[in-house]
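I opened this structure to practise reading strands, helices and buried positions one after another. These are my notes, in the order in which I looked things up.

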Amino acid sequence: MHHNGNGSGNRPTPGDPIEEQELRGEVTALLRRLIACDTSNPPGREAQAAAVLEEYLTPAGLECRRVAADPDRPNLLVRLPGNGTGPSLGFLGHLDVVVARRDDWSVEPFAGIERDGMIWGRGAVDMKCQVASTAVALATLAREGFRPNGDIMLLLMADEEVGDAGVGSTFFVEELPDLCPDFIVGEGSGERIVTADGPVYLLDCGVKASASATLTVRGRAGDASLTDAGSSALTELRRLLDRLADYEPAVRIHPDLLPVLDALGGEGDDAQRLARARALHPGLDRILAALTRSVIHPTMLDVPGPQNAIADRAVATLACILVPGTTADDLESELRDALGEGDYELEVVEPKGGLISDADTPLRAAIDRVLAEYDPEARLIPALGYGFSDCHVMREEYGSIAYGFIPFRHGDPMVNLETKHGADERVLVDDLVFQVIIALGVAREIGLLEHAAAPSSAARPDPAAPADLGRTPRRPTASSSEVASIPRLPSSPGRTATT
Ligand SMILES: [Zn+2]
């Protein structure tokens, strides 16, 4: 890793072999301890991981505060206080992990095993790696006496993976309504994807909207020991679900994906450009497929029985992950299209989420510059994320500019896509060190910014408002961005008027 020391005296230079060796040992040890806290959700028990972090961070001089609805399941707020003249930055993480089916693993999932230059275990990728690396970055800054202009924080949430216990991010923002970090870096994307056009990282500026739909079919009960009694709701529901499985949703390219097509799509119309971008890498193929259409899966089935009667009622629940701006009406007509003729009832819940942070901000510029320093060949391309994250809650409640970005410089992106929420989740120690270095760089860049205007965090975006689909996207400004002072932040992270 190359680093041109640019003169700031006591700044640890991660390119320096000794400094880097120290960071490596520190972040590896911390991640192994965090993995050894089994925070499988349910039941979570995030207090163990919070305690490990407090023990690590407090001696560095950092304030740690538990924000807990349930003492077993705290959120943790860690703060390196600023002098109040600049924007604040929060690294957003979660302490819980999805459950692990131990039999499927080739190592113990909660032992924090180090093997072949990797740390193995549940949470290694999603997302204790970033929790550990941002904690080490913050401790490093605190120990060297770095005094940022705005607060630099860790916001470490409980109950992100399930999210129904009322103890995680929703409780956190309710307890601390005025925290309002100007900038948030959380999970979402960050795998380095090597294409024929060079390596790229996607920056997740907002996630798709989520909705669910209930499909109910009514039949006529009858004796299941006769060949032709009644009329089966279950058989009819199966026919409808078969149609849904065969359905090819229309491709819709949200304007916030145009930077990806501009960067990777070559010439042609949008459909041709999308096809070319998808063909560049199996990871891009999978991610871009999900981002450009409604993704609809039946995920639950309810047939009350009894076992010896023809089913007179069958209900399927459909998970619907939608291009931002899709309304409940849009979803309903798409589903009716897919299901075709039939006697059924359809109930659609209003989509949630779909807020998008502006891609042209000092945070984006800071990430761009730091990445350009440590991975000069690669390009950072603003895009969307395909799955839900707590970044959404921060956009919605705090009006924060929030990006999902955990950089994996060295690992194979397909390994991440396959193993998070699956078996044998693991992270390269080299990636862990890279994450510390990037977090340090971004924190320093943001910590030196000054307020040009007070950001308005009071504005609440209207989640129901469709994204401005007619907007002309701005081109990335890469390293030319000047980060010396912060311009007025957009009052709403949902698209308001741009250009
Ligand atoms: Zn996660």
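I began with Trp120, which stands opposite Arg426 in E19. Strand E7 (residues 118-120) and E19 pair in the antiparallel sense over 3 bridges, where two strands are said to pair if DSSP finds at least two bridges between them. I noted for the names that helices (H or I, at least four residues) and strands (E, at least two) are DSSP runs, numbered from the N terminus.

Before going further I wrote down two cautions. Residues are numbered from 1 along each chain as its sequence is written. The model is predicted, with local features needing pLDDT of at least 70 and side-chain atom pairs counting only at pLDDT 80 or more, while totals for chains, interfaces and linings use all residues.

**The sheet around E7**

I then followed the pairing outwards and found an open sheet of 3 strands in the order E6-E7-E19, with antiparallel pairing. Strand E6 (113-115) and strand E19 (426-428) are the edge strands, each with a single partner strand, so one side of each has no neighbour in the sheet. On average, neighbouring strands of this sheet are turned by 25° against each other, direction ignored. Helix H1 (residues 17-36) packs on the sheet and touches E6 and E7, and its direction makes about 15° with that of E7. H13 lies across E7 and E19 and runs at about 70° to E19. For these angles I recorded that axes are lines fitted to C-alpha atoms, for helices over the stretch in contact, and that angles run from 0 to 180 degrees between N-to-C directions.

**Two helix crossings**

Which helix does H1 cross at roughly 135°? I found that the partner is H3, and that the axes of H1 and H3 come within 9 Å. H1 and H3 are therefore oblique to each other, given that angles under 35 degrees count as roughly parallel, over 145 as roughly antiparallel, 65 to 115 as roughly perpendicular and the rest as oblique. Their crossing is right-handed, a word used if the near helix is turned clockwise from the far one by less than a right angle, with left-handed for anticlockwise. On the H1 side I listed Leu23, Glu26, Val27, Leu30, Leu31, Leu34 and Ile35, which meet Lys128, Cys129, Val131, Ala132, Ser133, Ala135 and Val136 in H3; residues are in contact if their C-beta atoms, placed from the backbone, lie within 7 Å. The residues of this contact of H1 with H3 divide into 11 nonpolar, 1 polar and 2 charged. In this scheme Ala, Val, Leu, Ile, Met, Phe, Trp, Tyr, Cys and Pro count as nonpolar, Asp, Glu, Lys and Arg as charged, and the others, Gly among them, as polar.

I looked next at helix H10 (residues 362-374) and helix H13 (residues 429-447), whose axes come within 9 Å and cross at roughly 135°. That angle makes H10 oblique to H13, and H10 passes H13 in a right-handed crossing. The H10 side of the contact includes Leu363, Ala366 and Ile367, and the H13 side includes Ile437, Ile438 and Gly441. By class, the contact of H10 with H13 has 10 nonpolar, 1 polar and 3 charged residues.

**Buried positions**

Is Val167, in the loop between E8 and helix H4 (169-175), buried or exposed? Val167 counts as buried because it has 23 C-beta neighbours inside 10 Å; the cut-offs are 20 or more other C-beta atoms within 10 Å for buried, 12 or fewer for exposed, and partly exposed in between. Leaving aside neighbours within four places in sequence, I found Val167 in contact with Ala69, Asp70, Arg73, Ala158 and Asp159.

Asp159 is also found in the loop between E8 and H4, and with 29 C-beta neighbours inside 10 Å Asp159 counts as buried. The C-alpha atoms of Asp159 and Ser40 are separated by 9.6 Å, although these residues are 119 residues apart along the chain.

In helix H2 (residues 47-57) I found the buried residues Ala47, Ala49, Ala50, Leu53, Tyr56 and Leu57, which pack against H1, strand E2 (63-67), strand E3 (75-80), helix H3 (128-143) and strand E8 (152-157).

**The chain as a whole**

I ended with the totals: the protein chain has 13 helices and 19 strands, and 46% of its 499 residues count as buried.

Conventions: Two residues are in contact if their C-beta atoms, placed from the backbone, lie within 7 Å.
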